[in-house]
Amino acid sequence: MPRPTELPAWQQLHSHRQTLDAWRADAALAADPSRRERLTVEAGPLTADCAHHRISGDTLQLLAELADQAGVQTRFARMLRGDPVNLTEGRSALHTALRSDTPLVVGGTDLRANIAAGQQAEREFAAAVRSGDWRGASGASIRHVINLGIGGSDLGPALALDALAASADGPIARCVSDLDPRALAAALGDCEPASTLFIVCSKTFGTLETLANAQRARNWLLDGGIPPAQVQRHFVAVTANPQRAREWGVAGEQCFAFGDWVGGRYSLWSAVGLVLQIACGSAVVAALHRGAHAIDTHFADTPIERNLPALMGLLGIWYRNFWGAQAHAVLPYAWPLRRLPDYLQQLEMESLGKRTDLDGHPVTWDTGGVLFGAAGSHAQHAFLQLLHQGTALIPADIIVFDDTAALEPALNANAHAQARVLCTGGQVAAAPAPHGDLPGNQPSTVIRAERLDAESLGALLACYEHKVFTQACVWHINAFDQWGVELGKQVAQSILRGEPG
Ligand code: F6P
């Protein structure tokens, strides 16, 4: 496998950038839409307008060549069939199998059958809690479900619960992640122990924050009068380590397991989605999976020039490696998606924050940058000034929904205005020159769907997963490990034990 600096398209892109740089220096040309590559890409329920980028048809072709040379789609096919693509942990990365019906046998094990059995158990349990058939220790049905998890065991469920709140018709569901005890206390404010169910959600079942909250939840139940012998009725576990969950005190039949081949930040599709299933029902979870699966198929089969996740990844590489961009902004113009930047921050920064390549060599090119963002309305009144007039180059994804425009037309008008002004620049008449000059030529992609629903959410998340996959392929790094966060955990434990530094 050639390393990225040796890929022919990579080298051509370097000189191509100089040509575009000169072209782009002419503000009139940069602002002329007829000179830009007017690219619109469709993927499942999503349409992306990529017309506001610093690319020409040649750039696109070179980027597509780069993806081909890095073997993006070939490697994705290997991932789908269960090859151990997570090399440092010797594991496959099969989150895609959780949203597919395709038969899959890996190492002689019928994974499809295992997945189907697990999903059936989750559906049955969620239905029992929703119908009131599952009861707490005193016989009361469940009114509140609290997911205790952090990182990938929290961000996906928390995002999906907010995003799909309009579909919630089951018990009230909340997510608590923070180690600060006030977070759990706030979530339990209006809960009764007799009618509250906790989901202890942790892939490893060894995470400090989650276990601390689980212990506090147990104390709260006991203090609230639940007899010690029956307290386990109020806990289920979602984990890849059911043995630890049982040792902690969760009954075996109340452990919902998933394979270690599901990375934490890719785990919403696994039993980690249980809290969503309880809140919204199985049809919503099925639609979420359907949307994601449509993008898996799109990513696997569509030529790179029209392949949305691949293009998102390649545009990210274009700005990171050829224009020196350090950051990328995500701006959903939909309040229910306000947690999307948090979710994507883990997905992108934990996956791509790497300095060693797949062969164990130090990388000699930039890898992942900073992802940040906020719901669009807030962003406009907080940090968009820096994108409009600052000196940094920060490409943005602007995400809009037609059904949001029906609720409040000014939301999408604002979204499209940002894309246009970022691109074309302009002058603020009221400002003394040159303080009112906006240079323009700031890149953005407008991603649109008709509705914010489970299917479009699934599609959107899968697009970003495969964007990350594309970038990891080109950068020749492992997107599925996160060794960098381990040392800090160990040092915190040693500080807690009072060991000298
Ligand atoms: O510390 C980072 C991390 O390992 C993430 O990768 C993971 O999503 C999170 O912690 C939570 O881990 P677990 O699900 O094992 O509790």
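These questions and answers walk through a predicted model.

Q: How many of the residues of helix H6 are buried?
A: Helix H6 spans residues 155-163 and is mostly covered. Its buried residues include Leu-155, Leu-159, Asp-162 and Ala-163. The count of buried residues in H6 is 9 of 9.

Q: Which strands are among the elements that cover the buried residues of H6?
A: The cover includes helices H10 (274-280), H13 (340-352) and H18 (454-475). Strands take part as well. They are E5 (144-148) and E6 (172-176).

Q: Which residues are the closest to the ligand?
A: The ligand is surrounded by 14 residues. The closest of them are Gly-152, Ser-153, Ser-202, Thr-204 and Thr-207.

Q: What is the distance from a polar side-chain atom of Thr-204 to an oxygen atom of the ligand?
A: Thr-204 is one of the closest residues to the ligand. A polar contact needs a pair of N or O atoms within 3.5 Å. The polar side-chain atom of Thr-204 and the ligand oxygen are separated by 2.6 Å.

Q: Which residue places a backbone N or O atom 2.8 Å from an oxygen atom of the ligand?
A: Side chains also reach ligand oxygen: an N or O atom in the side chain of Lys-489 is 3.1 Å from one. The contact at 2.8 Å uses a backbone atom instead. That backbone atom belongs to Lys-203.

Q: How much of the accessible area of the ligand does the protein cover?
A: On its own, the ligand has 390 Å² of accessible area. The protein covers 88%.

Q: Is Phe-205 buried or exposed?
A: Phe-205 is found in the loop between strand E7 (196-201) and helix H8 (208-223). Its phi is near 55 degrees, a positive value in a residue other than glycine. Its relative accessibility is 3%. Buried means under 20%, so Phe-205 counts as buried.

Q: What is the phi of His-476?
A: His-476 lies in the loop between H18 and H19. At 3% relative accessibility, it counts as buried. Its phi is positive, though the residue is not glycine. The value is near 65 degrees.

Q: Is Leu-496 buried or exposed?
A: Leu-496 sits in helix H19 (residues 486-496). With Leu-179 and Leu-208, it makes a nonpolar surface patch of about 270 Å². Its relative accessible area is 65%. Exposed means over 50%, so Leu-496 is exposed.

Q: Which residues does a cis peptide bond join?
A: Omega of this bond is about 0 degrees. Pro-434 is found in the loop between strands E13 (426-427) and E14 (437-438). The residues joined are Ala-433 and Pro-434.

Conventions
Residues are numbered from 1 along each chain as its sequence is written. This is a predicted model: local features need pLDDT of at least 70, side-chain atom pairs count only at pLDDT 80 or more; totals for chains, interfaces and linings use all residues. Side-chain values use heavy atoms; hydrogens and water are left out. Buried means under 20% relative accessible area, exposed over 50%, partly exposed in between (1.4 Å probe, protein chains only). Helices (H or I, at least four residues) and strands (E, at least two) are DSSP runs, numbered from the N terminus. Contact means heavy atoms within 4.5 Å. Patches are made of residues with over 30% relative accessible area and no salt bridge: like charges are joined within 9 Å, nonpolar side chains (Val, Leu, Ile, Met, Phe, Trp, Tyr) within 5 Å. Accessible areas come from the Shrake-Rupley method with a 1.4 Å probe; for residues, only the protein chains shown count as cover. A salt bridge is a side-chain nitrogen of Lys or Arg within 4 Å of a carboxyl oxygen of Asp or Glu. A residue is near a molecule or strand if one of its heavy atoms lies within 4 Å of it. A polar contact is a pair of N or O atoms within 3.5 Å; within protein, one must be able to donate a hydrogen and the other to accept it, and residues adjacent in sequence count only if both atoms are side-chain atoms.
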